[in-house]
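Here are my notes on the model you shared, set out as numbered points. I hope they are handy to read with the structure open beside you.

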Amino acid sequence: MDANRRVIAVCGHEAGYGAALHDLAGTGTTVVRDGRALFRTVTALARRGEESCVVPMTLGRDPELVADTARTLRALPPAARARTLLTEPFGTAQHLTAWLRAAAGRAPGTAALLVTAPAGDPFEDAELYRVASLVRRYGGHELVEVAFTGGDPSPAEGVRRCQLLGAREVVLLPAAFARPPLPDVPGARITDGGPLLSPAALARVLAERVADARRHRAEHGDDGIAAGLTAADHHGHAHTHPPGEGHPHGHGHGHPHGAVHTHPHPHPHVHGAGRVIRSTA
């Protein structure tokens, strides 16, 4: 990254609002929370003539972070917005599944896996259960459970459940940038299976997101903010219709409306013309 361009990693609960990234992100990355901190940082950089490439640090469970980031950037003064790019989110649920499968491959085959992340809203938490189910189905471990720091079940409760199901060893796999502390459960053998990504892998993904955003702006004149505003449109209760009250979707495929449907969309979404999130590790 050249001297006039800065990577801004915008953090929500998956990154402990920034605390989890301070030791992972390199010196060329500025770690901030969304909202006022992001606004002040980007505005200050623009005054110094620097361009900001803003990356929402979600792993696919927090689309609200992407939308909130876009709203903050939309409110920038025109001169600052002209120097600002919003990239695609750091990862998707598909990426998270692949990274967890890679981490699971490093755990003993006889161990139970406890996929652990900070608690979010009910829809974010339900998505983690779906991801864990895919890790189990396409992996080599018979027992894969889910727990939430600050939520239900807690990591300690998750370990106890694994014990009740016959596990002699439990490996905690962080499904977030933040690594959970090992719970104190009497008689349990608990191992830390993290971090989800090494600093080198995290840097590669950040560089890829920035490169894609810069190429997209060069080819289409798009700063990514408009697409980011729609990131949470199909998340949560807003995407549940009572009978007869459906609405058209911008997915590029049809839905037979007139029936209630809530679905997690296991397929990847493409936001903006030609913008596809590539996978890397």
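**Notes on helices, sheets and loops**

1. Helix 4 and helix 5 are oblique to each other, therefore a good pair to begin with. This is a predicted model, so please read each point below in that light. The two axes, those of helix 4 and helix 5, come within 9 Å and cross at roughly 45°. An angle of 65 to 115 degrees would count as roughly perpendicular and one under 35 as roughly parallel, so a crossing between those ranges is oblique. As for its hand, the crossing of helix 4 and helix 5 is right-handed.

2. Which residues make this contact between helix 4 and helix 5? From helix 4 come Ala-93, Leu-96, Thr-97, Leu-100, Arg-101 and Ala-104. They meet Glu-127, Leu-128, Arg-130, Val-131, Leu-134 and Val-135 of helix 5. Sorted by class, the contact of helix 4 with helix 5 has 8 nonpolar residues, 1 polar and 3 charged.

3. Both helices also lie on strands. Helix 4 (residues 93-104) lies across strand 5 (112-118) and strand 7, and runs at about 145° to strand 7. Helix 5 (residues 122-137) lies across strand 5 and strand 6, at about 150° to strand 6.

4. Those strands belong to an open sheet of 4 strands in the order 6-5-7-8, with parallel pairing. At its edges are strand 6 (144-149) and strand 8 (189-192), each of which pairs on one side only. From one strand to the next the twist averages 30°. Looking at one pair, strand 7 (residues 169-174) and strand 8 are joined in the parallel sense over 4 bridges. If you would like a place to check the register, Val-170 has Ile-190 in strand 8 as its bridge partner.

5. Now to the other open sheet. Its 4 strands have the order 2-1-3-4, again with parallel pairing. Strand 2 (29-33) and strand 4 (84-86) stand at the edges with a single partner strand each, so one side of each has no neighbour in the sheet. The twist here averages 25° from one strand to the next.

6. Is strand 2, for its part, mostly covered or mostly exposed? Mostly covered: 4 of the 5 residues in strand 2 are buried. Strand 2 pairs with strand 1 (residues 5-11) in the parallel sense over 5 bridges. Two positions show the register: Ile-8 stands opposite Thr-30 in strand 2, and Val-7 stands opposite Thr-29 in strand 2. As a reminder, side chains in a regular strand alternate between the two faces of the sheet.

7. Helix 1 (residues 36-47) packs on this sheet and touches strand 1, strand 2, strand 3 (51-56) and strand 4. The direction of helix 1 makes about 145° with that of strand 2.

8. Helix 1 has a helix partner too. The axes of helix 1 and helix 2 (residues 63-74) come within 10 Å and cross at roughly 45°, which makes helix 1 oblique to helix 2. Helix 1 passes helix 2 in a right-handed crossing. Leu-38, Phe-39 and Val-42 of helix 1 make the contact with Thr-69, Thr-72 and Leu-73 of helix 2. By class, the residues of this contact divide into 4 nonpolar, 2 polar and no charged.

9. Two peptide bonds deserve a look on your screen. A cis peptide bond joins Asp-152 and Pro-153, with omega about 0°; Pro-153 has its place in the loop between strand 6 and helix 6 (155-164). Another cis peptide bond joins Gly-194 and Pro-195, also with omega about 0°, and Pro-195 is found in the loop between strand 8 and helix 7 (199-220).

10. One backbone angle is also worth a glance. Tyr-17 has phi near 55°, a positive value in a residue other than glycine. Tyr-17 lies in the loop between strand 1 and strand 2, and is partly exposed, with a relative accessible area of 42%.

11. Lastly, the overall figures. The protein has 8 helices and 8 strands. Of its 281 residues, 50% count as buried. Among contacts with a separation of 6 or more, 70% are between residues 24 or more positions apart.

Methods
Residues numbered from 1 in each chain as written. Predicted model: local features only at pLDDT ≥ 70, side-chain atom pairs only at ≥ 80, totals over all residues. Heavy atoms only, no water. Pairing = 2+ DSSP bridges. Axes fitted to C-alpha atoms, helices over the stretch in contact; angles between N-to-C directions. Contact = heavy atoms within 4.5 Å. Buried < 20%, exposed > 50% of the residue type's maximum accessible area, 1.4 Å probe, protein only. Parallel < 35°, antiparallel > 145°, perpendicular 65-115°, else oblique. Left-handed = near helix turned anticlockwise from the far one by under 90°. Nonpolar A, V, L, I, M, F, W, Y, C, P; charged D, E, K, R; others polar.
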